[in-house]
Structures are given as C-alpha cells and as structure tokens.
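This report introduces a protein model to a reader who has not seen it before. The sequence and structure are shown first, and a short description follows.

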Amino acid sequence: MLAGEHVLILAENGHIEAIVPIAEAGDGVRHLEGILCPGMVNAHCHIELSHMKGIIPEGTGLVEFVKQVILKRDAPSSPDLSQAEYHEIYEQLLDQKLRAMDEAVEELYQTGTVAVGDICNTADSLELKRHSPLYWHNFIEVSGFVDEVAAKRLKFSEAILAAFVKSQPNATAAGNTLTPHAPYSVSKTLFNLLNEKTAGQLISIHNQETTAENSLYQSKEGGLLSLYEVLGINTEGFAATSKSSLQSWLPYFNQGQKIIAVHNTFTNEADVLAATEISKAAASAGLPYYCICVNANLYIENKLPPLEMLLANDCNIVLGTDSYASNRQLNMMEEICTLRKNFAAVPLATMLQWATINGAEALGIDDQYGSFEKGKKPGLVLIDPNNMKSKRVDLHV
C-alpha cells in the first residue's frame, strides 16, 4: 500500500510488519489514490442516543436540549399505563434503539473510525459492543445534583459498569470506567465519591458547553436554574464558587486521573492556564485533553469552540462527534471538514493528528492505534482530497 514514497507491509490480520521505501517493496504493491491515514478515534460519542436522530430541533441551546433528551430518550411513563402496556412500549423502544445503534456503528466503521470513547447511561449497547469490530472505551456516566442521592446514583452506575466488565472477560479494566456527566449535574458529594472511585483511571466530563454553566458556578444564576425547577431538583445545597465551571470542578480530581474535557465551547484562556496549575498541584496524570465536537456545538448552541486559543496554549486536542441527538452524522471526516471551513489556517495534517494519535493517546490505546508503526494494528482510512470523503480500506480486496 502506497504511503508517500513508502509502502506499508501488512500481515493478513492488519498488523504492520514494516514500512519500507517503494524501491524495496517488491511486486504486488497495491496503489491507492488519496491520503492514507490510520483509523480515526472518536473520543466522544453517545451511541445509545442514536434513536434520537432528528428528534430535537437545532439551535435550542443546551438547557432546552438537555431537557428534551431527558424527556424523550426513554419510554414514556404514566399512571394511566398498565404494567403490560408499559412493558410493550419499552420493548418497542429498545428494539428501535438497537436498530439505530447498529446503523450508527456501521457509519462509524465504514467512514474509518476504529475506536470510540462512548458515554453510557444504560447497558443497552452492551451486546452490540461485544461483537463490534471497533474498540470501545465505555464511560459509565454518573449524575446526581443533590448530595443526598449521591451514594444511590453511584451504586446504580456501578451496577452498569459491572455488567460491561462481565460481558468483556478479555477486555482490560481500562476499557470501562465511571465518569461524571457534567458540572451542572454532579453534586459536591458525588464529585468526591467519584474522585475516590476513579483513582488512576481515565474519565470524561462535559465541560463549559453553555454560558449558563459558568453562570451557575460564578453566581448561582442563569438558565440551568430553570431546568432544575422543571425537573424538580432542589438546589439549596449548591453554593456558587465565584469561579468558572472548569476552575470549580477540576480540583475535585486529585487521584492521578487522566481527564478528557468535552466540548469546551465557552472555555477561555484563563481556564486553560488555571487547569495547568490545578493539574500540576494535584499531581494528575497530565494536562486535560480538550475534546472538540464542532458539529454538535453548532447544532445545539450555534457556537464554534475556541480552537485558536487552545492551539495558542499548546493544549492536547482530540475530536468527537457527540450523538445523533445533536449531529446529523457520526463521521469523523465531517468534523474535520467543518473545522477546516471555519479554521482554514490550521493544517489538515494537524487535524488528522487530533483524530488519530491524539485520540489514541487519550484513550490509552496508542500501543495499537493512532499511527503507522511496526507492530501496530491501527486500521487504514483513505481520504479523497477532492471531496474530503473518508472510507475504510478493505485489506482483502
């Protein structure tokens, strides 16, 4: 397979045996037209929300978006429904979910994704992942904004985590970890519990996706208070910190966690500089990875992430798609195309690095994925430079 002036020598199972100059490759070289790159790593996805494609309108803003996800993601509950009627509706929705997840995984696979950091609130995707050609890091999400329910919420999520671990007897524990949902949905008590439970592990957290999140922490004001009211959540136990969201939640994690902060739409330079100091003081596993999901940002808030600022501060950047609930597709190349349209000064090679080796390093799988190196099995993606479409390369054609 031609890669510039060199050829990848691959084993039947896709492992790289060597990278040699074309003059030394011998006969039977397969020539491909386009850009050949390693398989892509989607650092943030919600595969179990695939059934919500097109349900929530664009441009609602995050507060309304979250409310709609909560109200529409599961089977409706009503005192007028009998147990048999509810069970029938639940089974229909589960079947719809499974079919939608299958279609989503097929899109991921065919467009060149090889690994996914996936947010899980249920075990609905468990069987799909057991037989999937993709690598999955399952972030079992924990939420609970009221201190009194912290232990109960953690126990519920630990049961889901146990189900994933049990279903993957050959998978390492690193492929399944507990993770906080977002600063606006996790109480102080729950943050502290999660800090202990995730010591030395990889976690992911939705960060500064809306200005309301910063307003909540800085002054206990903003649109999230109306969301809590609609959901019947008591906020008396929450106290403002007079700091931004990121500067408020990051100090909770001081047990050597590796952290992927997702979205970061309203993160500023002061936050990034503070995060550097907080991470050093906590002796963490390193600086946070900042995951950009640009099409979801535009879908929900019609707002671009502060990419130039992140670049100027040498931040670790990775890419994700978020879910079908907030995106028209789960194609990593479409994320890159949107970034190129809005940030033309950033080289394509840099963005491909975010989508490959940076993502692999973030998920802790760079020993096999993310780059063309002898002994790795990173998968192959061919990008057509004329239309910037990507597709998985079938090794056996």
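## Helix packing, a surface patch and buried residues

The crossing of helices H12 and H13 is right-handed, a term that applies when the near helix is turned clockwise from the far one by less than a right angle. The model is predicted, so local features need pLDDT of at least 70 and side-chain atom pairs count only at pLDDT 80 or more, while totals for chains, interfaces and linings use all residues. Residues are numbered from 1 along each chain as its sequence is written, and side-chain values use heavy atoms, leaving out hydrogens and water.

Helices (H or I, at least four residues) and strands (E, at least two) are DSSP runs, numbered from the N terminus. H12 covers residues 332–342 and H13 residues 348–363; their axes come within 11 Å and cross at roughly 140°. Axes are lines fitted to C-alpha atoms, for helices over the stretch in contact, with angles from 0 to 180 degrees between N-to-C directions. At this crossing, Met 332, Met 333, Ile 336, Leu 339 and Arg 340 of H12 meet Leu 348, Met 351, Leu 352, Trp 354 and Ala 355 of H13; contact means heavy atoms within 4.5 Å.

Helix H1 has buried residues Leu 62, Val 63, Phe 65, Val 66, Gln 68 and Val 69. Buried means under 20% relative accessible area, exposed over 50%, and partly exposed in between (1.4 Å probe, protein chains only). The cover over these residues of H1 includes helix H6 (211–219), H7 and helix H10 (294–300).

Leu 231 belongs to helix H7. Leu 231 counts as partly exposed because its relative accessibility is 31%.

Val 116 lies in strand S6 (residues 113–120) and is buried, with a relative accessible area of 0%. Leaving aside residues up to four places away in sequence, Val 116 touches Asn 42, Cys 45, Leu 108, Leu 134, Tyr 135, Trp 136, His 137 and Leu 363. Val 116 and Pro 378 are 262 residues apart in sequence, yet 13 Å apart in space, C-alpha to C-alpha.

Two loop residues other than glycine have a positive phi, as the table shows.

| Residue | Phi | Loop | Relative accessible area |
|---|---|---|---|
| Gln 208 | near 45° | between strand S9 (202–207) and H6 | 0%, buried |
| Asn 264 | near 60° | between strand S10 (258–263) and helix H9 (269–281) | 0%, buried |
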